[in-house]
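Q: Please take a close look at the salt bridges of this protein, and explain the terms for a first-year student.

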Amino acid sequence: MLRIEKIIDNKKRFLDLLLLADEQENMIDKYLPNGDLFALYDNDPLAFGLKSVCVVVPINSESCELKNIATYEKYQGKGYGRTLINFISNFYKNDYKTMLVGTGETPAILSFYESCRFERSHRVKNFFTDNYNHLIFDGEIQLVDMIYLKKSLKE
């Protein structure tokens, strides 16, 4: 049985998991204080405990942004991230028209978001090289541009 909680206090206690998706702590510190943090737990006795987290921040009166979503590596591919995206999409559907998410140009991650009904929106050139103090890689792929995807919450 899955359980999702909105975390109000001591959000930094989830830093180890947040760093899986955004590997520079000072970048997380820019959005975590004003973001809504959600934690997904699996209460199944065989898989008990925290599996995934995400952070959503308001952009304006019509849009919010999924700033971070991470699942512990050994639990990836089991639907926890997708469940969290479905939950937050439903959670925010009365507050915003659109949800954005930005990611590196990694085929597997882009495909994941597209399977969650996000569509490619725009690109921010050199985001990773301009904003991080070291080169960022996802496997063999160096991340340079931020690829933004968007999803309508009014479906």
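A: The answer below follows the salt bridges around one arginine and then turns to a neighbouring topic, the backbone angles.

The model is predicted, so local features need pLDDT of at least 70 and side-chain atom pairs count only at pLDDT 80 or more, while totals for chains, interfaces and linings use all residues. Residues are numbered from 1 along each chain as its sequence is written, and side-chain values use heavy atoms, with hydrogens and water left out.

Side chains of opposite charge can pair when their charged atoms come close. A salt bridge is defined here as a side-chain nitrogen of Lys or Arg within 4 Å of a carboxyl oxygen of Asp or Glu. The structure holds ten salt bridges.

One of them joins Glu105 to Arg123, with 2.9 Å between the closest N and O atoms. Glu105 lies in the loop between strand S5 (98-103) and H4, whereas Arg123 is in strand S6, so this pair ties together parts that are 18 residues apart in sequence. Helices (H or I, at least four residues) and strands (E, at least two) are DSSP runs, numbered from the N terminus. Arg123 also forms a salt bridge with Asp145, and here too the closest N and O atoms are 2.9 Å apart. This pair links distant parts of the chain, 22 residues apart, since Asp145 sits in the loop between strand S8 (141-143) and strand S9 (146-152). Through shared partners, salt bridges join Glu105, Arg123, Lys125 and Asp145 into one network.

How far each residue is open to solvent is described by relative accessible area: buried means under 20%, exposed over 50%, and partly exposed in between (1.4 Å probe, protein chains only). Asp145 has a value of 10% and is therefore buried. Glu105, at 36%, is partly exposed, and Arg123, at 37%, is partly exposed.

A further salt bridge pairs Arg120 with Glu114, whose closest N and O atoms are 2.7 Å apart. Arg120 counts as partly exposed because its relative accessibility is 49%; Glu114, at 35%, also counts as partly exposed.

The backbone angles come next. Most residues other than glycine have a negative phi. Arg117, in the loop between helix H4 (107-115) and strand S6 (119-124), has a positive phi near 75°. With a relative accessibility of 51%, Arg117 counts as exposed. Asn126 has a positive phi of about 60° and lies in the loop between S6 and helix H5 (127-131). Asn126 counts as partly exposed, at 36% relative accessibility.
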